[in-house]
Each structure stands twice: as C-alpha cells, then as structure tokens.
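Here's a quick briefing to read alongside the structure. Have a look at the fold first, then go through the points below by topic.

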Amino acid sequence: MSHYEAPIREPLVLGDKSYHDITEDIAKPIEGVANKNWYIAFYISLAATLWGFGCIFYTIGTGIGVWGLNKNIGWAWDITNFVWWVGIGHAGTLISAVLLLFRQKWRMAINRSAEAMTIFAVFQAGLFPLIHMGRPWNGYWVLPMPNQFGSLWVNFNSPLLWDVFAISTYLSVSLVFWWTGLLPDFAMIRDRAVKPFQKKIYALLSFGWSGRAKDWQRFEEVSLVLAGLATPLVLSVHTIVSMDFATSINPGWHSTIFPPYFVAGAIFSGFAMVQTLLGIMRKVTNLEDYITRMHIEYMNIVIILTGGIVAVAYATEFFIAWYTGSPYENYTYLSVGAATGPYAWAFWSLILFNIITPQLLWIKKFRRSFVITFIISIAINIGMWFERFDIIAIVLSKGHLPSTWWRFEPTFVDVGIFVGTIGFFGVLFLLYARTFPVIAQAEVKTILKSSGEFYKKRREQGIPTKPAINVANVAGTTDKSNKE
C-alpha cells in the first residue's frame with residue numbers, strides 16, 4: 001500500500017491479523033459447523049416463511065378479498081410492504097457503488113452483506129405486486145412483449161410500468177455487481193475445499209478465476225463501470241417508486257417533494273436494516289474483528305444525515321398542507337387530519353421512530369454502542385414502515401368526498417404475508433452466511449497494512465512494517481497478498 005493513515009484514525013481490522021488469518025476467519029463460517037445461534041435464527045425464520053407462503057397460497061386460491069382492502073382503499077398493506085422492501089435494498093447499492101467511487105475504506109467489511117441484503121430485499125418487494133394482480137400466472141403481461149392479442153401493449157405513460165423497468169434493472173445490475181465481487185472469494189473457497197463436490201461447485205461459481213494480474217485488472221475495471229451504472233440507480237429507483245404516488249391527483253400524494261424525500265427515506269431505512277443485520281451477523285459468524293465500532297459509527301452518521309433530510313421533508317409536507325389553504329390537504333398524510341384522526345397512532349409512531357429516536361445518535365456514546373444502535377435501527381425500520389402505511393392508507397381513506405371515507409383494517413392474511421417475507425428474507429440471508437464469504441476478504445487484505453491494528457501499532461512504535469507474519473498461502477492463487 002502506497003500510503004498510510006493518520007495514527008489518530010482507529011483501525012478497521014482489529015487484532016494481530018495477518019493475510020492468512022483473514023482467509024481463515026472468513027472461510028470458517030463456510031467450512032465449519034453452524035453455531036447454536038444460527039440454528040435458532042434459521043428455524044424462527046423458516047417457521048415465519050412457511051406461515052407466509054401458506055397465506056400467499058390461500059390468497060391465490062380464494063382471491064384478494066381475504067385481504068383488508070375495500071371499495072376506497074385498493075392499495076394498503078401490500079403496497080406499503082412493497083415500498084418498504086424496495087427502500088431497504090438501497091443501502092446495499094449506496095455502500096457498494098457510491099462509497100467505492102469515493103474510495104471509502106470502511107465499506108470493505110460491510111459491502112458484501114449490504115449487497116446481498118439489496119438482492120434479497122428486492123425479491124421480497126417483487127412478490128407483492130405479483131400477488132396483488134390476483135392472477136400471478138399472468139405476471140408477464142407487465143412486460144412489453146409481442147403477444148397474441150393483436151397490438152395490445154402496456155401503458156408506457158403509467159408510473160407502475162416505470163416501476164417494472166426500474167426494479168428489474170436494479171435487480172440485474174445489483175446481482176452482477178454482487179457476483180463480480182464474489183469471484184475472488186469463491187476461488188479462495190475452491191482452492192481450500194477438501195470435498196470434491198464442494199470444490200466442483202465453487203469452481204463453477206468462481207468462473208475460472210486464477211488470480212493473475214490480468215484477472216485483477218479486469219476485476220477493478222468492471223467494478224468501477226458497474227459502480228458508475230449503479231450510482232444513478234440509487235436515485236432513480238425510489239424516485240420512480242415515489243412517482244406511483246406523486247403523479248396522481250389525490251390530495252397528499254400530488255407533491256413534487258416526493259422523489260428526493262423517498263430517496264432519502266430509502267437510504268435512511270436501508271442503512272438501519274444493514275445495522276440490524278450486522279448486529280446479528282457479527283455474533284452468528286464470529287466476525288467481530290472485521291465489523292467494528294468504526295463501521296457502526298460511520299453508518300450511524302449517514303443515518304443522522306438522511307434522517308435529517310426526512311425530518312425536513314415532513315416539516316415541508318406540513319407547511320405545504322397549511323399553505324395551500326386546501327381543506328383536503330389538511331386531512332391527509334402528515335397533516336392535521338392524520339395527527340388527530342383515526343390513524344393518529346400510526347402518525348405519532350412515525351414521528352417518534354423516524355424523527356425523535358435517531359436524534360440519540362448525536363451522542364457519541366450511543367452512536368458507538370452496538371446494543372443501542374441495534375435497538376435504534378429496529379425503531380427506524382418500524383418508523384419507515386409506518387411512513388409508507390401513512391402515505392397509502394391515510395390518503396386513500398380520505399378522498400375529496402367525505403361520504404366515501406373508509407378505514408382500512410388488516411386481516412390475518414395481510415399480516416401473515418408480511419411476516420412471511422421477513423422470514424423468507426431471514427432464511428435467504430442465513431443460508432448466504434453459511435455458503436458465501438460474508439466479507440470481501442480480497443478487499444479487506446488491501447487495507448490491512450494501512451488500517452490494521454497490528455500494523456498501526458508497529459508504526460506508532462517506530463518498527464518498520466515488514467510483510468505480514470505467518471503468510472501461509474493456503475488460499476492458493478487467490479490470496480491478494482500475491483499482488484502486494
């Protein structure tokens with residue numbers, strides 16, 4: 001590494017780690033036996049998944065009438081969940097793409113899990129519009145394909161169609177980005193594998209990675225190109241999701257502030273979910289030396305920033321509702337009617353969890369605490385769910401004609417499908433933690449000499465930093481130490 005960090009910066013890799021130690025630690029969850037915590041989390045997630053899928057089959061077999069929808073509220077619980085899951089996926093792209101372009105070292109230990117979270121969250125999000133169609137087997141009708149119905153085409157003026165393009169582009173770019181980063185790590189597992197079947201599987205997954213300088217050159221180039229493609233997606237995807245609402249004429253939805261406000265809210269909730277997952281994952285996979293207080297603090301700073309933008313957006317909503325002088329605006333989402341009406345509990349939950357709770361992160365002691373960060377991250381996720389619920393349910397429950405006002409009440413099927421998607425997300429993430437390297441070992445090795453605790457201490461003591469001790473190149477050609 002050509003440059004070193006200032007001594008005042010805290011290390012990003014704790015302990016006296018060598019390159020070989022990093023390989024061993026990251027390969028251990030895959031090669032070893034899962035611990036008790038993993039099995040407890042997996043069985044709870046699996047039970048929730050089975051309940052959710054049972055509710056989905058019941059919905060398809062019986063009809064959408066089993067949900068709590070009514071004559072006025074055609075979108076409710078399901079579209080709330082769709083927007084919530086899409087938002088959660090945003091942090092992965094931001095950490096991988098934007099922080100890569102800004103050369104932030106602290107992203108290296110968390111980018112792999114954040115990207116996996118993006119992909120698994122988009123899977124859950126995609127389920128809801130599909131079920132909402134009532135006839136999911138006709139789901140391909142949303143794609144502009146030649147068909148047997150003459151010149152029947154999708155409506156390109158509809159933001160719902162823009163959603164289809166945005167989400168599918170987002171998923172495909174994120175998937176390619178994630179897999180590209182995994183290639184050197186799959187090759188590392190391939191070269192360490194003892195069982196022939198495991199070796200064969202990881203050889204297929206690694207696409208013939210050999211660790212040559214040419215491989216690394218292409219890897220760096222492709223990563224930069226994909227980061228450049230993914231960065232606009234951070235802004236575009238949730239902007240288009242917000243247009244599902246902003247392009248309508250419903251009071252409370254017809255607002256130009258929605259796109260930037262939705263993007264900030266998505267990053268806000270996405271980072272909160274990364275905090276929640278990393279809090280669990282560092283314990284389940286014993287990687288406390290790589291996911292440190294510094295990572296938690298840096299992510300909390302992003303949460304403070306995006307939470308501030310969301311709070312300003314809430315204040316703007318209130319101001320606009322008052323400034324228009326429209327009685328309809330005053331009785332919709334984030335206005336007088338929401339704060340005092342039948343959904344007041346949802347409104348005040350939103351204010352408590354999204355505006356008041358994150359302010360605790362200004363206190364450095366809280367910002368650096370794993371337990372408090374974990375609790376606040378769950379509170380933010382609850383608050384962001386309520387925000388989406390308030391946008392959809394409150395606005396649709398109160399239209400221009402008071403005689404049509406109606407309340408939404410979820411059924412056990414609504415709740416069951418949502419709990420099922422959380423369980424399915426957990427199952428996917430836990431299986432990923434046992435089969436894929438959860439930290440990008442090749443990237444962490446590049447910052448070991450500049451940001452590792454062992455090397456920082458040696459520099460402070462004036463000892464020249466020689467190559468890492470105990471460099472046993474068990475990972476074969478894939479150890480990035482070959483490049484150093």
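This is a predicted model, and its salt bridges are a handy way in: there are 6 of them. The fold around them is helical, with 18 helices and 0 strands. After the charged pairs come the nonpolar core, a nonpolar patch on the surface, and a word on confidence.

**Salt bridges**

- Start with Arg368 and Glu297, whose side chains meet in a salt bridge at 2.8 Å, N to O. Glu297 sits in helix α10 (residues 293-323) and Arg368 in the loop between α13 (364-367) and α14 (370-397), so this pair ties together parts that are 71 residues apart in sequence.
- Both ends of that pair are tucked away: Arg368 counts as buried at 16% relative accessibility, and Glu297 counts as buried at 9%.
- Glu297 and Arg368 don't stand alone, since a network of salt bridges links them with Arg367.
- Arg388 and Glu387 also pair up through their side chains, at 3.7 Å, N to O. Here Arg388 is buried with a relative accessible area of 1%, and Glu387 is buried as well, with 2%.
- Then there's Asp191 with Arg190, another side-chain salt bridge, at 2.9 Å, N to O. Are its two partners buried or exposed? It's a mixed case: the cut-off for buried is under 20% relative accessible area, so Arg190 at 13% counts as buried, while Asp191 at 25% counts as partly exposed.

**Nonpolar core**

- The largest nonpolar core has 120 residues. Which residues have the most contacts inside it? They are Phe245, Tyr261 and Phe271.
- Helix α9 (residues 258-284) brings the largest share of this core, with 14 residues.
- Phe245 is worth a closer look: leaving out residues up to four places away in sequence, its contacts include Trp75, Ile79 and Val83. Further along the chain, Phe245 also touches Trp253, His254, Phe258 and Phe262, plus Ile391 and Ile392.
- As background, nonpolar side chains tend to be buried together in soluble globular proteins.

**Surface**

- The accessible surface of the protein comes to about 21200 Å², and 69% of that belongs to carbon and sulfur atoms.
- One nonpolar patch on the surface covers about 610 Å². It's made by Tyr140, Trp141, Leu143, Met145, Phe149 and Leu152.
- Where does Phe149 from this patch lie? You'll find Phe149 in the loop between α5 (111-132) and α6 (159-192), and with a relative accessible area of 44% Phe149 is partly exposed.

**Overall packing**

- Of the 484 residues in the protein, 54% are buried.
- Take the contacts between residues at least 6 apart in sequence: 81% of them join residues at least 24 apart.

**Confidence**

- The average pLDDT of the protein is 81, and 89% of the residues score at least 70.
- Residues 467-484 are the stretch to flag: pLDDT stays under 50 there. For this stretch the model has 53 contacts beyond four places in sequence.

Definitions and conventions
Residues are numbered from 1 along each chain as its sequence is written. This is a predicted model: local features need pLDDT of at least 70, side-chain atom pairs count only at pLDDT 80 or more; totals for chains, interfaces and linings use all residues. Side-chain values use heavy atoms; hydrogens and water are left out. A nonpolar core is a set of buried Ala, Val, Leu, Ile, Met, Phe, Trp, Tyr and Cys residues joined through side-chain atoms within 4.5 Å. Buried means under 20% relative accessible area, exposed over 50%, partly exposed in between (1.4 Å probe, protein chains only). Helices (H or I, at least four residues) and strands (E, at least two) are DSSP runs, numbered from the N terminus. Contact means heavy atoms within 4.5 Å. A salt bridge is a side-chain nitrogen of Lys or Arg within 4 Å of a carboxyl oxygen of Asp or Glu. Patches are made of residues with over 30% relative accessible area and no salt bridge: like charges are joined within 9 Å, nonpolar side chains (Val, Leu, Ile, Met, Phe, Trp, Tyr) within 5 Å. Accessible areas come from the Shrake-Rupley method with a 1.4 Å probe; for residues, only the protein chains shown count as cover. pLDDT is the predictor's confidence in each residue, from 0 to 100.
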